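User: Please take me through this structure by way of questions, with the reasoning set out before each result.

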Amino acid sequence: MPQTYDTILRRGLVVDPVNGVHRQADVAMSDGRIAAIGEIDGTAREDRDVAGLMVMPGIVDAHVHLSPWLGGGAGHRMLALAGVTFALDLAGPIDGVTRLAAESGCGVTIGCIDYVRPGHTVGSEDPGEDELRDALAKARRAGAIGFKILGGHFPLTREASARVIDVAAREGAYVAFHSGTLSTPQSVAGMRESCELAAGNPLHLAHINSYTRGLDASAVIEAEEAIAILAETPNVWSESYLAPINGNSGKCADGVPESVATQKNLKRGGFPATTEGMVAAISAGWAQVHVLQDGVHVLTGGEVGLTAWRAAESNIGISFEANPPEPRIHLATAKRADGSFAVDALATDGGGIPRNDLISRGLALYHLDALTLDDFVLKTSAAPARALGLAGRKGHLGIGADADVTVIDVARLSPVESYAHGRAVLRDGEVVGRGARMLVPPEGRAHVESLGIETLVAEPGSMLSGRGA
Ligand SMILES: [Zn+2]
């Protein structure tokens, strides 16, 4: 007797490398799970013909920003429009991320790791072990699954950076590092130092391409160095992104930009690293302000950008063109001798920063024969799902997996529809999702649910448990 499902997607090209599926098939979803795959003669309340489109496990972006100081609530809509069904905020602060998720959720599931930032979550640039343990416990109760070290923006001492990674490992928490310490800048040298400071512990090393901007040597040579470092450090899990722009805080205090990265980018463009330099750089279009337009952020320089930056009292996102093309492409596609990717995942560092380009730029690499569709799914869904400890339920379309699905028009490099836990997030390119769901540690569940956010629980120790997909 034919079954009735919630939704059936019919006749799409299903690409699910984890289960060895790459063929035209129907996919049925019920009660938030994948219920059937193949030629399905059942009926559904929503019967969708997706012939000619690719159907893949929902896109997981392992590096985004959805906090008040970086990204903002608009990031939820921007992720939904980009076909993403799960995203990890890589900075926090956790209370800002949960507040904005409750206000602006568009159906995308998120997780958050909280920053270890002097004057915000810790007292100094050299927090001790007890202080870090307390900060982690507090972050977890608020819903964060771990820690972020903001080296390139707000560096800690080498010793404290190592302690953060060590405490996270002992507590089974997620930990990510934007390379750089008080003694070493954000560069290939900073990246090498991060790998040393991990001392064999699990670590998510963020945006590898941002250490290979060609500031010390040719960008291509730096990318090769980065790949060699990662090959020697199997405990380190990594991602890179494909956009030309970076994302910085535009905030100035006491006459200077707060972030070291922002200061550097002003100097690189020939502007002084001061508030006046920032004004001149925005006016000239070198610094582009993330201006809200129709619910999404758009890069804007000149008078309009300056007005937005002033209206926000400088506390607004800005971007500079910082990433040369060659390392972005090379780090996205390079493989080791054993066939595994040199950099585990493709992410965006997007969210509210306008560069949610996994489909638009990532699938451009498919059209260049630089990635297969299976490669694309491994790097944008299976590998990040596994790093998050969600390999059983996300990153593939096996029966019983979460009904997270992204449907893509590959020829047009554009998402058409998406589902998170069986609920539509995107339909015909329009955002229809509502509310938020969040991956939280057990001790953060009660608080996050009290904000009206649904939860799924991350078991401590399940995350970053090994490389490869
Ligand atoms: Zn980031």
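Analyst: The questions below go from the whole chain to single elements and residues, and the model they concern is predicted.

User: Which radius of gyration does the protein have, beside that of a compact globule with 469 residues?

Analyst: The C-alpha trace extends over about 70 × 50 × 50 Å along its principal axes, and the protein contains 13 helices and 26 strands. For 469 residues a compact globule would be expected near 23 Å, and the value for the protein agrees with this, its radius of gyration being 21 Å.

User: What share of the 469 residues is buried?

Analyst: Among contacts with a separation of 6 or more, 70% are made by residues 24 or more positions apart. The protein exposes about 16700 Å², of which carbon and sulfur atoms supply 50%. With buried taken as under 20% relative accessible area, the share of buried residues in the protein is 61%.

User: How many bridges join strand S1 to S2?

Analyst: S1 (residues 4-16) and S2 form a hairpin with 4 residues between them, and Gly20 in that turn has a positive phi of about 65 degrees. Asp16 has Val21 of S2 as its bridge partner. The two strands run antiparallel, and the number of bridges joining them is 8.

User: Which residue in S3 stands opposite Val27?

Analyst: S2 is joined to strand S3 (residues 33-38) by 5 bridges in an antiparallel arrangement. These two strands also form a hairpin, here with 2 residues between them, and Asp31 in the turn has a positive phi of about 50 degrees. Within S3, the residue opposite Val27 is Ile37.

User: Is strand S2 largely enclosed or largely open?

Analyst: S2 covers residues 21-30, and 7 of its 10 residues are buried, so with respect to the rest of the structure this strand is largely enclosed. In a regular strand the side chains alternate between the two faces of the sheet. The answer for S2, by its count of buried residues, is therefore largely enclosed.

User: Which strands stand at the edges of the open sheet that contains S16 and S18?

Analyst: This open sheet has 4 strands in the order S13-S18-S16-S17, with antiparallel pairing. Each edge strand has a single partner strand, so one side of each is left without a neighbour in the sheet. Further in, 2 bridges join S16 (residues 288-293) to S18 (residues 317-319), and Val289 has Ile318 in S18 as its bridge partner. The strands at the edges are S13 (248-249) and S17 (296-300).

User: How far apart are the end C-alpha atoms of helix H12?

Analyst: H12 consists of 15 residues, 373-387, and at 1.5 Å a residue it should span 21 Å. The helix bends by about 40 degrees at Lys379, and Gly389, which follows H12, has a positive phi near 75 degrees. The distance between its end C-alpha atoms agrees with the expected span and is 20 Å.

User: How many of the residues of H12 are buried?

Analyst: The buried residues of H12 include Leu373, Phe376, Val377 and Lys379, and the bend of the helix is also at Lys379. H12 is mostly covered, and its number of buried residues, out of 15, is 12.

User: Is Arg163 buried or partly exposed?

Analyst: Arg163 lies in helix H4 (residues 158-171); leaving aside residues up to four places away in sequence, it touches Asp126, Pro127, Gly128, Glu129 and Leu132. Its C-alpha is 38 Å from that of Val298, which is 135 residues away in sequence. Because its relative accessibility is 24%, Arg163 counts as partly exposed.

Terms used: Residues are numbered from 1 along each chain as its sequence is written. This is a predicted model: local features need pLDDT of at least 70, side-chain atom pairs count only at pLDDT 80 or more; totals for chains, interfaces and linings use all residues. Side-chain values use heavy atoms; hydrogens and water are left out. The expected span of a helix is 1.5 Å times one less than its number of residues. The bend at a residue is the angle between axes fitted to the seven residues ending there and the seven starting there. Buried means under 20% relative accessible area, exposed over 50%, partly exposed in between (1.4 Å probe, protein chains only). Two strands pair if DSSP finds at least two bridges between them. The radius of gyration is taken over C-alpha atoms; the globule rule is 2.2 Å times the number of residues to the power 0.38. Contact means heavy atoms within 4.5 Å. Accessible areas come from the Shrake-Rupley method with a 1.4 Å probe; for residues, only the protein chains shown count as cover.
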